[in-house]
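Biologist: Could you take me through one part of this protein slowly, as if I were new to reading structures? I'd like a close look at one spot and then what surrounds it.

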Amino acid sequence: MTSVSKTDSATAQEPPRSSGGTRSRRRGYGAVVLLLATAVAGSLPWWGVDTHVLSVGYTVAFYAAVAQSWNLMSGFTGYISFAHGALVGIGTYAGILAMNAGGNLLTAVLAGALAAVAASVLIGLPSLRLRGIAFAFATIFFQAAMLLVVQKAGPITGGSEGLAARAIVSLEDLFVTMVAIAGIASVLVYALRRARLGLRLLTIREDETAARTIDVKTVQLKLGAFATSALFAGAAGAVHGFFLATVFPQNVFHLRTSLEPLVLALIGGAASTVGPLVMAAVYGISQDALQSLGSELHLAMLGVILVVAVLFARNGLADLATRLWRRLRERGNRD
């Protein structure tokens, strides 16, 4: 970890002063662009696109939602979480159970989000006092424990036999809802990256001990970030349960479900807004394109991209693109 300089510490305590009206307007434009992009993407069902395209779009939106969810916690704080697959899974089961009890899609999403938030507080209170690999192992244990709990709670969850959604939700409704979740999560990442609160979270990532010396409430901030992150993971999981129709614990709580958002966010760029969205699109579309060649081939492709990113873009593709753009601008100014 790198140390936090006095200048950085001061930055974490005070909002940027040099921004002025121009920079504030640019920030506002960025958020507006994200909201407009979300609205345009969410309107796809009214453009007459076929079901296959809508299904691929839904998959991209799902990966974007879970990647940004992971980003809100681990991207800003540096605490690598392997629990997000479990949080999505909790949302999945809570959503289906709520709908089977007579609710609608909205109540299912709320049930999934709230269940995941409750679970994040339960695991976060003890585990966020740990650091580094100890926290990562705690979240892996949580994922394994949730698999066991759901399997043993057969009368409620269906156990290993699975749980089926009794109601059918149209693909159009699922698509619009998932795009909205991914869009709101992305706007939150964008706003947090430019707010005092986000700077304090980034200070924890850089040097937690130094953050405490400047009176940053590290435990409260980490727990708040974890709960906010879980909110989006649970909401996405609730919607995804109806896309799958029937869910099985061995699939929902598989370690792969936690690795996917982690890798997508890290390759795209931790605490970046656009990077995880681009990676979600690459991963979701490639998953569909390579399906006929083998269900796991896209995972191998993701591994190759991860290796390339580690070698040439350790801070993510978003950081690499930013550095390349700056070099081009500097070269253009010299010419």
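Modeller: Let's start with a word we'll need: a residue is called buried when its relative accessible area is under 20%, exposed when that area is over 50%, and partly exposed in between. Keep in mind that this is a predicted model. Now find threonine 218, which sits in helix 11. Its relative accessibility is 4%, so threonine 218 counts as buried. What does threonine 218 touch, if we leave aside its neighbours within four places in sequence? The contacts are Ile204, Glu208, Ala211 and Arg212.

Hold on to Glu208, one of those contacts, and look at its charged side chain. Glutamate 208 meets the side chain of lysine 222 in a salt bridge, at 2.8 Å from N to O. Lysine 222 lies in helix 11 and glutamate 208 in helix 10 (residues 208–213), so this pair ties together parts that are 14 residues apart in sequence. Are these two partners buried or exposed? Lysine 222 has a relative accessibility of 1%, so it counts as buried. Glutamate 208 is buried too, because its relative accessible area is 4%.

The structure holds five salt bridges, so let's visit a couple of others. Arginine 205 pairs with glutamate 206, and their closest N and O atoms are 3.5 Å apart. Here the surroundings are another matter: arginine 205 is partly exposed, with a relative accessible area of 24%, and glutamate 206, at 28%, also counts as partly exposed.

Next comes arginine 256, which forms a salt bridge with glutamate 260, with 3.1 Å between the closest N and O atoms. Both of them lie in helix 13, four residues apart, which is about one turn of the helix. Arginine 256 counts as partly exposed at 26% relative accessibility, while glutamate 260, at 9%, counts as buried. Back where we began, salt bridges that share partners join Glu208, Arg212 and Lys222 into one network. Two of its members, Glu208 and Arg212, are the ones we met as contacts of threonine 218.

Now, helix 11 also takes us to a pocket. The second largest pocket has a volume of about 860 Å³. Thirty residues line it, and the closest to its centre are Tyr63, His240, Leu244, Arg256 and Gln287. Yes, that's the Arg256 from the salt bridge with glutamate 260. The elements giving two or more residues to the lining include helix 11 (218–244), helix 13 (256–268) and helix 14 (274–289). Which element gives the largest share of the lining? That is helix 3, with seven residues. Sorted by class, the lining has 11 nonpolar, 15 polar and four charged residues.

Let's finish with the greasy part. In soluble globular proteins, nonpolar side chains tend to be buried together. The largest nonpolar core here has 79 residues, and Phe62, Leu87, Phe142, Met178, Phe242 and Phe253 touch the most other members. Helix 3 (residues 51–77) gives the most to this core, with 13 residues, so we meet the helix from the pocket lining again. For a taste of the packing, take phenylalanine 142: not counting residues up to four places away in sequence, it touches Ala83, Ala86, Leu87, Ile90, Ala119 and Ile123.

Note on methods:
Residues are numbered from 1 along each chain as its sequence is written. This is a predicted model: local features need pLDDT of at least 70, side-chain atom pairs count only at pLDDT 80 or more; totals for chains, interfaces and linings use all residues. Side-chain values use heavy atoms; hydrogens and water are left out. A nonpolar core is a set of buried Ala, Val, Leu, Ile, Met, Phe, Trp, Tyr and Cys residues joined through side-chain atoms within 4.5 Å. Buried means under 20% relative accessible area, exposed over 50%, partly exposed in between (1.4 Å probe, protein chains only). Contact means heavy atoms within 4.5 Å. On a 1 Å grid over the protein atoms alone, a cavity is a set of points where a 1.4 Å probe fits but cannot get out, and a pocket is an open set with protein on both sides within 12 Å along at least five of seven lines; lining residues have an atom within 4 Å of a point. Grid points are joined across faces, edges and corners, and a volume is the space filled by probe spheres set on the points. Ala, Val, Leu, Ile, Met, Phe, Trp, Tyr, Cys and Pro count as nonpolar, Asp, Glu, Lys and Arg as charged, and the others, Gly among them, as polar. A salt bridge is a side-chain nitrogen of Lys or Arg within 4 Å of a carboxyl oxygen of Asp or Glu.
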